[in-house]
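Open the model in your viewer and keep the sequence panel beside it. The stops below are given as selections.

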Amino acid sequence: AAASTAELPGGSEPYTVEACIRVPHEESSREMCVVAWGDERGPIDHGLAIHDVVASASCALKGTKKVCDGVWHHVACTFDGRERRLWVDYQLIAHDVPEPCRNAGATRRDNFSIGKFPAGFGELRIARGGFRGDMKRLRIWRVALTPAAMKAYAATAEAKVREEITIEAVKAVFKGVDQRGDAKLSIEDLDAVFGSARNSFFERLDSDAKGFVSCDDWLRFCCGLKESRGEQDLMQFLQACARNLGQRRRPLQVQDDWEHPRELLAELSLASNAYGWRVEAKPVSLSDDMLERIEDEGLERFRRQVRVAHALLGQSADEAIVELADRVALQQGNHDDCWAKMLAVADWSQAQPRWMEQAVASAKLEDLSTTSKLQEVLAWASASGNTLSESLEAPLSTVVLESPRVEELRLAAERAGGSSEAWTALANELLTAASAAAAVDAMFRVVVGHMLFFRFLILLELNWSVSRDFLPLIDLAAPADSAYGRLLAQVKPRLLGHLKFSQFQHVLQSTKYEGSTPSIILNRKAALTLRERGRVDWEFRRSLIGQFLSEMRKQQGGPKLFRRPWQSRCMKVQFKGEGGEDAGGLYREALDAVAQELHSKSVPLFVPCPNAVAEVGDNRDAWLLNPRATTPECVRALEFVGQLLGLALRTGDLLPLTLAPFTWKGIVGDERKRDDVRSIDVFAEKHLSILSSEERPDEETLAVMGGLQFAYPDVTGEEAELIEGGRDVGVTPENASEFARLLLQNRLHFDRFQLQALRRGLATVVPIQLIRLWSWRDLQERVCGVPEVDLENLKRHTTYKNCTSTNVHVGYMWEALESFTQKQRRSFLRFVWGRSSLPTVEKWERNFTVQLLSGTDDTRLPCSHTCFFTLDLPTFSSSEICRAKLLYCITNCLAIDADGAAARSLNWDEDDED
């Protein structure tokens, strides 16, 4: 390689110039010099430059591969005396034959420059600039090297440099451990690095028992570690030593005469993005005691309010606060933009009063006595620095003014520093006024609203800390029962929507598919006949989901057909033998029908949970994955169900599924526990509680339980052996605990195979690892919508044609809906919109439209246009008739047909044989 400017190649002499560079994306529009030189009389065209792509120094020759992408690239330019070639990552990307230089001379020193263009170069180029990025391994040769030769030398040089850095790292750590600087390490020195293991390490290092560890001993130990474990393990060992020294405030020092001081510190540095540490600058004399003595009334008031709020709420209201904050976020843009940034403190004020009332109710404080509620009101008034007359409403405010003991008790309570007895005495004194309970309840609700805000501030700070110091370190693919999984389970209930959904939505946006929409034909009569005859479609041929799966497999595109943008369809649907043009309504009707079919015995994918069969406990309307669904056809169908879940997450077309929380937890990757077993199978959990208790069950207890064997009914009701030959092994007091352990494992993991298939399908549509940040309720609401049909919410999203909201006939319709059960309301939604639940977002894709028909006519039926979410409402003469007509429609209207001609072509009324 050339050693000085005098030895640089000039004129038509061959040369090679190479370097490793890393340039960020934002520098792609700038022209930058890597290295350039020229002759005394010739042009400056030897070297390398960057202008988004690699080029010769004068940019007369340009490549095509972009190198301003934030990653390392090897770039080179070779000249063999005739042809010039450009290389990126050892691949040829451009070549030319430059004009020969006839007046070449020696290279002037001021014509050679690294990282910036030489003097006078501006005459040749319009835009010039210094190099902005990272550069290493710059070499200039007086020969045109081949890529193989450059690679060989790079490997040799890299190995030599790595060896030098490793030796210097070993010496740097030794110097950091050596507190006295005498090059002799004692056991006390090793304590800073090895802690309780210092004695065993000292014996290994001091092999000749001289009573100290020399630098040669340390080098010999590290070299042995490198030979036995490799260089990577040695560097990890030295990095751990450096971290431990850093925690003792003993940073590593490097010597000025070392060859690679910068590379050494980079190898052993404590990067904040790798370890979650952050650096804070503060005066060395600042202490926590000084912070406590800061006289700031605003800060002190804030601390008092936080303490009072935490004393009442603790963590019990966190779920309600997170839900309220997410509802506020949903108002701040469309479905993607609303999660783009973390909520600010001021955003809390945008919460609607009814949301605040719901959050206060969710705090579950209604069981407190009137005295306890007033006590909290008084404590909050004191923490806020307000007088009692300002804080209390009549008639309590009158007592404050008239009773001489009130002020005395207030002062005593404040001197007691939060003593509940003192505040209780004051509350009892104030409650001597008659009819005070209603006033206390009103004041208490207001105070709890303020407390929720202060708890929100704590959760907001927690979310910033999690975003900055926790999530970059967490492996979202870690099992739920691992250390990472348990840490994640602790913070998940307190994560705001920004952390849970922003990255997820970003991935959906960058991977959406906007290609053509295929059309499919579904035969609802075949599926209905299958259900009426009580048959199970194990082959998935006649059921709707089987037809759906078959039709989608015929389409080109595979899983990307499900990666549709928000509020778009993945296919157009036509029901065989039924009228109607699909503008969205038939598509939603098909999805709804498939979801309902999944909760039937027509397909073997789901079964009612044991509590539903026995009609005991919770989740009596919930379904579980069927552990018997193991055939290849079932596996494909479960993967398809997972894709439908992903479709709902991407497009917002909800699926009215009634899965047990046990199943939703499995989908998001949460750890399921014994309480979850009780939520689906009360009887199994009772057996577990008896058999796993500390007191061993006796023979009489086991006899009362019916003489159990190591075989137990699974969630389908069929007996399954817990061990091989379990039907012949009885449960005794000696093996009862083992039976309980096996039964618990069976109940927690019976659906593992089916969950894997469903999650495989889901992973082809959405980034499933990011769902680990969600709670099971988040996933359920994003897929299924809000479980209950909130009529007030529906009214806010209703527009009217030929009438107003105060019209008496419109009032008949709302009266009818208010009298409906939740199941009937879901049927009404399906009748008018083709879906069974309301959207979770505040801004709907289309509002509900009520169009009043002219002329009173009690013989007509309401007519819906599901594609446009519109109801044609006749002017009925009474609310009773309106209710009866609506009930008839939502109960009997299945086919989408205008005149019956299509239905006759399919022979709906005729029997159909397989």
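The tour goes from a hairpin to an aromatic pair, then to two helix pairs and a sheet.

**Before you start**

This is a predicted model, in which local features need pLDDT of at least 70 and side-chain atom pairs count only at pLDDT 80 or more, while totals for chains, interfaces and linings use all residues. Residues are numbered from 1 along each chain as its sequence is written, and side-chain values use heavy atoms, with hydrogens and water left out. Helices (H or I, at least four residues) and strands (E, at least two) are DSSP runs, numbered from the N terminus.

**Stop 1: residues 46-66**

Select strand 3 (residues 46-51) and strand 4 (residues 53-56), which pair in the antiparallel sense over four bridges. Two strands pair if DSSP finds at least two bridges between them. Show L48 and you will find it opposite S56 in strand 4. One residue lies between the strands of this hairpin, and D52 takes a positive phi near 75°.

Now add strand 5 (residues 62-66), which runs antiparallel to strand 4 and is joined to it by two bridges. Here A55 stands opposite K62 in strand 5.

**Stop 2: Y15 and F79**

A search of the whole structure finds 22 aromatic pairs (rings of Phe, Tyr and Trp, the last by its six-membered ring, with centres within 6.5 Å). For one of them, select Y15 and F79: the ring centres are 5.9 Å apart and the planes lie at 40°, so the pair is tilted. Planes under 30 degrees apart count as stacked, over 60 as edge-to-face and the rest as tilted. Y15 lies in strand 1 (residues 15-22) and F79 in strand 6 (residues 72-79), so the pair ties together parts that are 64 residues apart in sequence.

**Stop 3: helix 1 and helix 4**

Select residues 147-177 (helix 1) and 215-229 (helix 4), which pack at an angle of about 135° with their axes 10 Å apart. Axes are lines fitted to C-alpha atoms, for helices over the stretch in contact, and angles run from 0 to 180 degrees between N-to-C directions. The angle makes helix 1 oblique to helix 4; under 35 degrees counts as roughly parallel, over 145 as roughly antiparallel, 65 to 115 as roughly perpendicular and the rest as oblique.

Show side chains for E163, V170, V173 and F174 in helix 1, which meet C215, W218, L219, C222 and K226 in helix 4 (contact means heavy atoms within 4.5 Å). By class, this contact of helix 1 with helix 4 has seven nonpolar, no polar and two charged residues. Ala, Val, Leu, Ile, Met, Phe, Trp, Tyr, Cys and Pro count as nonpolar, Asp, Glu, Lys and Arg as charged, and the others, Gly among them, as polar.

**Stop 4: helix 12 and helix 17**

Move to helix 12 (residues 370-384) and helix 17 (residues 437-470), whose axes come within 9 Å and cross at roughly 50°. That makes helix 12 oblique to helix 17. The contact of helix 12 with helix 17 has ten nonpolar, two polar and three charged residues.

**Stop 5: the four-stranded sheet**

Which strands form the edges of the open sheet with the order 17-18-20-19 and mixed pairing? They are strand 17 (798-801) and strand 19 (863-865), each pairing on one side only. The twist averages 25° from one strand to the next. Strand 17 pairs with strand 18 (residues 848-856) in the parallel sense over four bridges, and T799 stands opposite T849 in strand 18. Last, select helix 33 (residues 808-819), which packs on the sheet and touches strand 17, strand 18 and strand 20 (870-875).
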